[in-house]
Amino acid sequence: MYDNVVGLSVKVTDENIKGKITGVYEGSENTVFVIEVGQKEVEKTIDDIQVIRESIEEKINKLMAEKTFLEKFAAINTN
């Protein structure tokens, strides 16, 4: 389920830094998000990050473009 958030840009609230989610895994108590910030990676829970809205919109636009392509392909391929 969390695979869809990989690639989203986030702000790490307690450190006031921005980065991209590169991975997600289930920790012993919480879901942990691996965030690449420059040359390093930090691991934070959902409470420690804020997703940057523009990155969600970019992801939605990419998925919509993929959907449009697949619909066109299906229309061509089924005739």
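**Figure 1. Overall fold of the predicted model, with one helix and five strands.** In this predicted model, the elements follow one another along the sequence in the pattern β-β-β-β-β-α. The radius of gyration is 16 Å, well over the 12 Å that the globule rule gives for 79 residues, so the protein is more spread out than a compact globule. Taken along the principal axes, the box filled by the C-alpha atoms is roughly 55 × 25 × 20 Å.

**Figure 2. Surface and charges of the protein.** The accessible surface comes to about 6100 Å², and carbon and sulfur atoms account for 51% of that area. Of the 79 residues, 23% count as buried. The protein has 10 positive and 15 negative charges, and the mean positions of the two sets are 8 Å apart. Among contacts between residues at least 6 apart in sequence, 36% join residues at least 24 apart.

**Figure 3. The largest nonpolar core, made up of nine residues.** Its members are L8, V10, V12, I21, F33, I35, V37, V42 and I49. Two elements, β1 (9-12) and β3 (31-37), give two or more residues to this core. The most comes from β3, with three residues.

**Figure 4. Surroundings of the core residue V37.** Neighbours within four places in sequence are left aside in this view. Beyond them, V37 is in contact with I17, K18, G19 and V42. One of these, V42, is itself a member of the largest nonpolar core.

**Figure 5. Q50 in strand β5 (residues 49-51).** Q50 has a relative accessibility of 44% and therefore counts as partly exposed, as the value lies between the limits of 20% and 50%. Leaving aside neighbours within four places in sequence, the contacts of Q50 are with S9, V10, K11 and T13. V10 in this set also belongs to the largest nonpolar core. By contrast, E29 lies 21 residues from Q50 along the chain, with 20 Å between the C-alpha atoms of the two residues.

**Figure 6. T13 in the loop between β1 and β2.** At 34% relative accessibility, T13 counts as partly exposed. T13 and Q50 are 37 residues apart along the chain, yet their C-alpha atoms are separated by 6.8 Å. Apart from neighbours within four places in sequence, T13 is in contact with D47, D48, I49 and Q50. Of these partners, I49 is listed in the largest nonpolar core, and Q50 has its place in strand β5.

**Figure 7. S9 in strand β1.** The relative accessibility of S9 is 18%, under the 20% limit, so S9 counts as buried. With neighbours within four places in sequence left aside, S9 is in contact with G19, K20, Q50, V51, I52 and S55. Among these partners is G19, which also touches V37, and Q50, which is partly exposed.

**Figure 8. N16 in the loop between β1 and β2 (17-26).** The phi angle of N16 is near 55°, a positive value in a residue other than glycine. Most residues other than glycine have a negative phi. N16 has 55% relative accessibility, over the 50% limit, and therefore counts as exposed. T13, shown in Figure 6, has its place in the loop between β1 and β2 as well.

Note on methods:
Residues are numbered from 1 along each chain as its sequence is written. This is a predicted model: local features need pLDDT of at least 70, side-chain atom pairs count only at pLDDT 80 or more; totals for chains, interfaces and linings use all residues. Side-chain values use heavy atoms; hydrogens and water are left out. Helices (H or I, at least four residues) and strands (E, at least two) are DSSP runs, numbered from the N terminus. The radius of gyration is taken over C-alpha atoms; the globule rule is 2.2 Å times the number of residues to the power 0.38. Buried means under 20% relative accessible area, exposed over 50%, partly exposed in between (1.4 Å probe, protein chains only). Contact means heavy atoms within 4.5 Å. Accessible areas come from the Shrake-Rupley method with a 1.4 Å probe; for residues, only the protein chains shown count as cover. Lys and Arg count as positive and Asp and Glu as negative; His and the chain ends are not counted. The place of a charge is taken as NZ of Lys, CZ of Arg, CG of Asp or CD of Glu. A nonpolar core is a set of buried Ala, Val, Leu, Ile, Met, Phe, Trp, Tyr and Cys residues joined through side-chain atoms within 4.5 Å.
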